[in-house]
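Biologist: I have a chain open here and would like to go through it with you. Can you put it up and start with the pocket terms?

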Amino acid sequence: MNKQELEFILNQGENLNKRWYKEWYKRWYKNNRIKLSEKLKKLFTIIKADPSISIDIASEKLGISSNAVQKRFDALKEKGFIIHKGPLRGGYLEILNPEN
């Protein structure tokens, strides 16, 4: 086996490893992607439209209690979709994961 044949075989192995890794990553991403419930999706779309929305206004738009909205805000923060910026009163929510 000459040097060219050896390099060809090694390159084929690298290509196979790259393809295997890409397929593995696609499967892993599909299975481990963070999924939002319908209730969280509704709140997330409202936040995208108005990042400075208050809990009271969001509860009116969703038709649920302010405690339920607060829990959903906390769930979105915990999952890494939003973060609160600024003072507690008058701050705004920054979208960290806009693709959902």
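Modeller: A pocket here is an open set of grid points with protein on both sides within 12 Å along at least five of seven lines, and its lining residues have an atom within 4 Å of a point. Keep in mind that this is a predicted model.

Biologist: Fine. Which element gives the largest share of the lining of the largest pocket?

Modeller: That is H4, which supplies three residues. H4 and S2 each supply at least two residues of that lining.

Biologist: How much space lies in the largest pocket?

Modeller: About 360 Å³. Of the 15 residues lining the largest pocket, Ile53, Ser54, Ile55, His84 and Leu88 are the closest to its centre.

Biologist: And how do the residues of the lining divide into nonpolar, polar and charged?

Modeller: The lining of the largest pocket has seven nonpolar, six polar and two charged residues.

Biologist: Let me step back. What does the secondary structure of the chain come to?

Modeller: Four helices and two strands. From the N terminus on, the order is α-α-α-α-β-β. Of the 100 residues in the chain, 18% are buried.

Biologist: What about contacts over long stretches of sequence?

Modeller: Taking contacts between residues at least 6 apart in sequence, 42% join residues at least 24 apart.

Biologist: Back to H4. Which of its residues are buried?

Modeller: Val69, Arg72, Phe73 and Leu76 are the buried residues of H4. Down the axis of H4 they fall within an arc of 105°, so they line one face of the helix.

Biologist: Why would residues three or four places apart point the same way?

Modeller: Because an α-helix has 3.6 residues a turn.

Biologist: What do the buried residues of H4 pack against, and which residues are exposed on the other side?

Modeller: The buried residues of H4 pack against H2, H3, S1 and S2. On the other side of H4, the exposed residues are Asn67, Lys71 and Glu78. Just after H4 comes Gly80, with a positive phi of about 85°.

Biologist: How far apart are the end C-alpha atoms of H4?

Modeller: They are 18 Å apart, which agrees with the 18 Å that 13 residues should span at 1.5 Å a residue.

Biologist: Now H2. Which residues of H2 are buried?

Modeller: Leu40, Leu43, Phe44, Ile46 and Ile47. Viewed down the axis of H2, these buried residues fall within an arc of 160°, so they too line one face of their helix. Helix H3 (55-62), helix H4 (66-78), strand S1 (82-85) and strand S2 (92-95) are among what covers them. The face of H2 turned away from the buried side carries the exposed residues Glu38, Lys42 and Ala49.

Biologist: Different topic: Ser59. Buried or exposed?

Modeller: Ser59 counts as buried, because its relative accessibility is 11% and the cut-off for buried is under 20%. Ser59 is in helix H3. Leaving out residues up to four places away in sequence, Ser59 touches Ile64, Ser65, Ser66 and Val69. Val69 is also one of the buried residues of H4.

Biologist: Last one, Tyr92. Where is Tyr92 found, and what does Tyr92 touch?

Modeller: Tyr92 is in strand S2. Beyond four places away in sequence, Tyr92 touches Pro51, Ser52, Ile83, His84 and Lys85. Tyr92 and Pro51 are 41 residues apart in sequence, with 5.5 Å between their C-alpha atoms.

Biologist: What is the relative accessible area of Tyr92?

Modeller: Tyr92 has 39%, so Tyr92 is partly exposed.

Notes. Residues are numbered from 1 along each chain as its sequence is written. This is a predicted model: local features need pLDDT of at least 70, side-chain atom pairs count only at pLDDT 80 or more; totals for chains, interfaces and linings use all residues. Side-chain values use heavy atoms; hydrogens and water are left out. Buried means under 20% relative accessible area, exposed over 50%, partly exposed in between (1.4 Å probe, protein chains only). The arc is that of the directions from the helix axis to the C-beta atoms. Contact means heavy atoms within 4.5 Å. On a 1 Å grid over the protein atoms alone, a cavity is a set of points where a 1.4 Å probe fits but cannot get out, and a pocket is an open set with protein on both sides within 12 Å along at least five of seven lines; lining residues have an atom within 4 Å of a point. Grid points are joined across faces, edges and corners, and a volume is the space filled by probe spheres set on the points. Ala, Val, Leu, Ile, Met, Phe, Trp, Tyr, Cys and Pro count as nonpolar, Asp, Glu, Lys and Arg as charged, and the others, Gly among them, as polar. The expected span of a helix is 1.5 Å times one less than its number of residues.
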